[in-house]
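Colleague: Before I plan anything at the bench, could we go through this model together, with each answer reasoned out?

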Amino acid sequence: MSLLVLGMVSCEKVLPGGPVDNELLDGPMSGLTIEQQNLFLKGDEAFGEIYTVEKGLGPTFVATSCSSCHTGDGKGHPNKALIRFGQSDHTGNQFLHLGGPQLQNRSIPGYAPEELPAGAPQAKLLAPATVGLGLLDAVSDETLIAMSDPSDLNNDGVSGKVAWTEIPDYVQLRPGAIENEGKYISRFGKKAAAYNILHQVSKALNQDIGITSVYEPIDPYSGMEIDPEIETVKIHHLVSYLKTVKAPTQRDENNPDVLAGEELFNTIGCANCHMPSLTTGYSPIAALSEKTFHPYTDLLLHDLGPSFDDGYTEGAAERSEWRTPPLWGLGLVKDAQGGDYYLLHDGRAHSIEEAIQSHGGEAENANSNFSSLSEEEKGQLISFLESL
Amino acid sequence: MMKTSIYTFKIKLFAIALLMSAFATAQDNSDSTIASLNMDAVYERPFITQGKLPVAIGGYLEANMIYAGEEGVNEGLSFQARRLTMFMSSSFGKNLSFLSEIEFEEGGHEINIEFAAMDWYINSGLKFRGGIIMNPIGAFNQNHDGPNWEFIERPNSATQLLPATWSNAGFGLHGKFFKKGWTLGYEAYLTNGFDNSIIDNEEHKTFLAASKDNSERFEESSNGKSLFTGKLALKHPKYGELGFSYMGGVYNKFEEEGLTLDQERSLSVYAIDFNTEIKRTGTRFIGEFAWVEVDVPDTYLQEYGERQFGGFLDIIQPVYTGKVMDWNKAVINIAARFDYVDWNDGTIIETGGNIGDELIAFTPAISLRPTKQTVFRANYRYQIQNDFLDNPGAKSAAWMLGFSTYF
């Protein structure tokens, strides 16, 4: 008998090997304390938790768990696209009384889902990957302002502005937060309308799943304040988790094509917005504090031209302005999207090339530089992006 | 409302009884032919009878160790005492008998009355059964005792597609007819049934077994509608057994106190099961396939599938019969099981892409049966499971070693 047990244990080889660490999007960053690892595990569980009617789902909602939109912490799929509506300029959302700003297009049995009111301006959004967010969160306001160039003083055609927004009382300011007429710089979400991870997560619970909390107590269905449907500590676990999900690391980084592609990425102007390196300020989490990392974003808003004007806007962004998305993990995301690429805010691009070729506005130059590359060079640039 | 449902219940029961008594009069009178079907499994358990006590008791125990890993993460070694099940039966008075099965799982944390029914024998073609009944959908639900199987895990299609072990309060009829070596068995029951949890659960998929958590089904129907389960099984000793079964009804709570909550939503399950043996080689084949159709609200999530399919096939080959240690009539088998479950058969509306939510597993096994009532099993199980979006599947594997024995 004990021989058999020994036999089993020594048969580790017959247990399936997993993908190597840098081929997976999810997982903790290295250098976490034991306490932080514990919080990571608790938050990971909360991220996968399925909300049922009994737990307060809906009654109208878009999805039943964080991970059903952010599968494997990866990018979302069109099946779980969400629709924001009701605002087209800076006069605010004109459709709040008709269910804005987000369409809860599904409902539990016995309830009717919300319908898009006639004439409402709208935009469709696909979930972004939720990786390396702690690092992005820890970049100082000062760094963002230094990268911005709202009136394009350097004349490179790329402006880039920070998103000054009004923030809810419950969010805590980050160290060194800069204020401007009562507004603060927000950086999360497709239009940089969320200040920090807690802000985004509380909104997600409320608007995506129909779960009220101490932070967002208004039930989106009835419009009334109701008791919290989630324990506050769980929200904090979610925040701790998202802060410490690792950032994707580059694969194949010494491949000559990848190296040539990286060079092109910098020279044709992609790096003006997709900033290769950023450095964090102080963070109480040592693994996030004063670290240089490679997200390929400047966290700023850029105007990508008329084809990116969906009619809807929020926060400080104009209709055709979007926050530069990080490009890290780009080579891995399609394994969370069912094997196909759905890129850009609404998933309209089905390949990296298509995403690049649709860039206009401030990225017009970079796009035309891309078009004038040889097929080989284009291939090298794509190889580089896929290695991220 | 209550009144009409009892009324329709009675009518259905009456119709079935009429039909069956017609059958019964047409039957061949060779009652004594012994041909046991899956439906007889509850009668064929080894029981201990003490002297002249009218009550017989018995049971079985299953325990094993498992060494598992998923996607390169080694989950290590652990020990599982999966279940202890007790049977009790008695015959009291002419033609009346009582059978029961109580299962303790998770160290007694979960106690289920799987079966507790009275049979009233009218003739072999017509028996009346009432109490807590095991719905005869497929064969595994009826014949699930651990010692009967070469595999430590129950088949996925039986536990995660069909809700083994699924029992409910209800009434019905069963019986058998014999002709020229053929046995035809039938069962027809009306019981309480499913509820909304089959499309509102933490599995995030249409999951019939979710209703097992609702123990109120032993007291009242979740919606005032009964679940019909019927099975026909045909067996010939030469060819084996073939069963067709159906289970269906309205699963959701559609009204309360006369107020409409939702439209009535139906559930239908179809299953085919078979078992046969190649006499010359002793090779046995046991299989079961099931199809599930559930009416899911259009405004709900696509994760909750409207169509499901799954099944398993066991192949068992005795390779040695004779003395092993102190056991003179021991048998050693090699066996293999194929499991397949598709919880959501369809395509994603937005993209036309295939919906995954599938599982495929392969389990080679070696078993040693020192006596008929006990089995030692060594299994290796390899499984690939795909998520809703059909992303690359998660691979996992496990070594399992254990025993299952009647006592």
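Colleague: Is Asp357(B) buried or exposed?

Modeller: This is a predicted model, and the answer rests on a computed accessibility. A residue counts as buried when its relative accessible area is under 20%. Asp357(B) has a relative accessibility of 7%, so the class that applies is buried.

Colleague: Which residue does Asp357(B) meet in a salt bridge?

Modeller: Asp357(B) sits in the loop between β16 (327-342) and β17 (358-371) of chain B, and its partner lies in the loop between β8 and β9 of that chain, 152 residues apart, so the pair links distant parts of the chain. The partner is buried as well, with a relative accessible area of 7%. The side chains meet at 3.9 Å, N to O, which falls within the 4 Å cut-off, because a salt bridge is defined by that limit. The residue asked for is Lys205(B).

Colleague: Which residue forms a salt bridge with Asp345(B)?

Modeller: The closest N and O atoms of this pair are 3.6 Å apart. Asp345(B) lies in the loop between β16 and β17 of chain B, while its partner belongs to strand β15 (residues 307-324) of chain B, so the pair ties together parts that are 38 residues apart in sequence. Asp345(B) is partly exposed at 36% relative accessibility, and the partner is also partly exposed, at 42%. That partner is Arg307(B).

Colleague: Which residue of chain B meets Lys55(A) in a salt bridge?

Modeller: Lys55(A), partly exposed at 23% relative accessibility, lies in the loop between α2 (34-48) and β1 (60-61) of chain A, and its partner lies in the loop between β8 (182-191) and β9 (227-236) of chain B, so the pair joins two chains. Side chains of opposite charge can pair when their charged atoms come close. Here the N to O distance is 3.0 Å, and the partner is Glu202(B).

Colleague: How many salt bridges does the rule find across the interface of chain A and chain B?

Modeller: The interface brings 43 residues of chain A into contact with 40 residues of chain B, and the two chains bury about 3,100 Å² between them, 67% of it on carbon and sulfur atoms. Ten residue pairs are found in polar contact across this interface. For salt bridges, the number across the interface is two.

Colleague: Which element gives the largest share of the side of chain A that touches chain B?

Modeller: The elements that give two or more residues to this side are α1 (2-9) and β3 (106-107) of chain A. The residues of this side divide into 22 nonpolar, 14 polar and seven charged. The largest share, four residues, comes from α1(A).

Colleague: How many residues has the largest nonpolar core?

Modeller: Those with the most contacts inside this core include Leu205(A), Phe265(A) and Leu385(A), together with Phe194(B) and Leu267(B). Leu385(A), for its part, touches Phe265(A), Leu327(A), Leu330(A), Gly331(A), Ile352(A) and Ile356(A), leaving aside residues up to four places away in sequence. Apart from the largest core lies another, of ten residues, among them Phe140(B) and Phe151(B). The number of residues in the largest nonpolar core is 103.

Definitions and conventions:
Residues are numbered from 1 along each chain as its sequence is written. Chains are lettered from A and ligands numbered from 1 in the order in which they are written. This is a predicted model: local features need pLDDT of at least 70, side-chain atom pairs count only at pLDDT 80 or more; totals for chains, interfaces and linings use all residues. Side-chain values use heavy atoms; hydrogens and water are left out. Contact means heavy atoms within 4.5 Å. Buried area is the accessible area (1.4 Å probe) that two parts lose on being put together, summed over both. A polar contact is a pair of N or O atoms within 3.5 Å; within protein, one must be able to donate a hydrogen and the other to accept it, and residues adjacent in sequence count only if both atoms are side-chain atoms. Ala, Val, Leu, Ile, Met, Phe, Trp, Tyr, Cys and Pro count as nonpolar, Asp, Glu, Lys and Arg as charged, and the others, Gly among them, as polar. A nonpolar core is a set of buried Ala, Val, Leu, Ile, Met, Phe, Trp, Tyr and Cys residues joined through side-chain atoms within 4.5 Å. Buried means under 20% relative accessible area, exposed over 50%, partly exposed in between (1.4 Å probe, protein chains only).
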